[in-house]
Every structure is written in structure tokens, then in C-alpha cells.
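Here's a quick tour of one pocket, one helix and one ring pair. Have a look at the model first.

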Amino acid sequence: MNQEKSTQLLSPNEQFSILLSSTPRGARLARLLAAEWMRTREMPHRATEAAEHLVAELAANAATHGRLPGRDFRLVLRTRSETLRIEVTDTRGDDLPRHHPAAPDAESGRGLLLVEALADRWGVEHGPVPRKTVWAELDLSRP
């Protein structure tokens, strides 16, 4: 049986993608660019605010834990069917996100708790080697 494959391209209004340096400056730029992209699309305030925090956390993780000298990370924002999907891809597929118990006075270690609290769904996709993509989704129709 022949199955027809089709490729559906997203319009520029539905997707944003950029390659950024794996540095604190690149992570900060990811948040600023994401915020501007969402503002120009007049997304709900609740989703925009949550998405800014998610982008900041995922980009900071890519710049901190996914960093390899000379390698960048990619930020992708995509809207489909009332869902905003945030993807951050880095080149440390061997270093998967995991919970680390944080001391009460620690300045870091709570990032995934924040992602879990803000995202409606999140996860990790492997590959192609040596990459991994950490993604988070927000339902735009939720009040």
C-alpha cells in the first residue's frame, strides 16, 4: 500500500527559529527575542508571561549545561492549534535534564521545578546525535 507523504510548512507568523551563542548573553537574547515575537502576535498575557520564563530557563540551561566550546543552541517558537511550543536544542545529548535537590539557600537547582509549574507539558527529544531538544508547551486557549 502506498502512503502519500506531505510536508506542511509553517508560515513565518507561526514559527520563529534562531541560532544563538551558548553564553549568558545568548540566553538573555533568546528571552528578549521570544518576548518580542509573542507581543507582535498578540498572544494572551498569561501565556506570554509564562513563555518568557520558560524560554529564559531553557536557554539558560542550554548555555550552562549544554554548552560546548564553539557550539550554539537553537530556539524555536511554534504555534499550532491553540498551542505554543518552545524548543531549545543544544549539542549535549549526553547530558539530559534531571532534578537535583537544591539546598534551601542555593542560588540554582530549581529550574526544572519552574518548567514543570509553568508548562502544560514538557519533555526531551533525542537526536540527531549529538543533539537534544528540551521542549515545553502552553495551551493558549486556557484562561
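## The second largest pocket

By class, three nonpolar, three polar and four charged residues make up the lining of the second largest pocket. Ala, Val, Leu, Ile, Met, Phe, Trp, Tyr, Cys and Pro count as nonpolar, Asp, Glu, Lys and Arg as charged, and the others, Gly among them, as polar. The lining includes Leu19, Asp72, Phe73, Arg74 and Glu87. Strand E2 (72–80) gives the most, with three residues.

## About the model

This is a predicted model, where local features need pLDDT of at least 70, side-chain atom pairs count only at pLDDT 80 or more, and totals for chains, interfaces and linings use all residues. Residues are numbered from 1 along each chain as its sequence is written, and side-chain values use heavy atoms, with hydrogens and water left out.

## Helix H1

The buried residues of H1 (buried being under 20% relative accessible area, with a 1.4 Å probe and protein chains only) are Gly26, Ala27, Ala30, Ala34, Ala35, Trp37 and Met38. Their cover includes strand E1 (15–21), helix H2 (45–64), E2 and E3. Just after H1, Glu42 has a positive phi of about 50°.

## A ring pair

How many aromatic pairs does a search of the whole structure find? Just one: Phe16 and Trp37, tilted, at 6.4 Å centre to centre with 40° between the planes. Phe16 sits in strand E1 and Trp37 in helix H1, so the pair ties together parts 21 residues apart in sequence. Rings pair if their centres lie within 6.5 Å, and tilted covers planes that are neither under 30 degrees apart (stacked) nor over 60 (edge-to-face).

Trp37 is buried at 6% relative accessible area, and Phe16 counts as buried at 18%.

Notes:
On a 1 Å grid over the protein atoms alone, a cavity is a set of points where a 1.4 Å probe fits but cannot get out, and a pocket is an open set with protein on both sides within 12 Å along at least five of seven lines; lining residues have an atom within 4 Å of a point. Helices (H or I, at least four residues) and strands (E, at least two) are DSSP runs, numbered from the N terminus. Buried means under 20% relative accessible area, exposed over 50%, partly exposed in between (1.4 Å probe, protein chains only). Contact means heavy atoms within 4.5 Å. Rings of Phe, Tyr and Trp (its six-membered ring) pair if their centres lie within 6.5 Å; planes under 30 degrees apart count as stacked, over 60 as edge-to-face and the rest as tilted.
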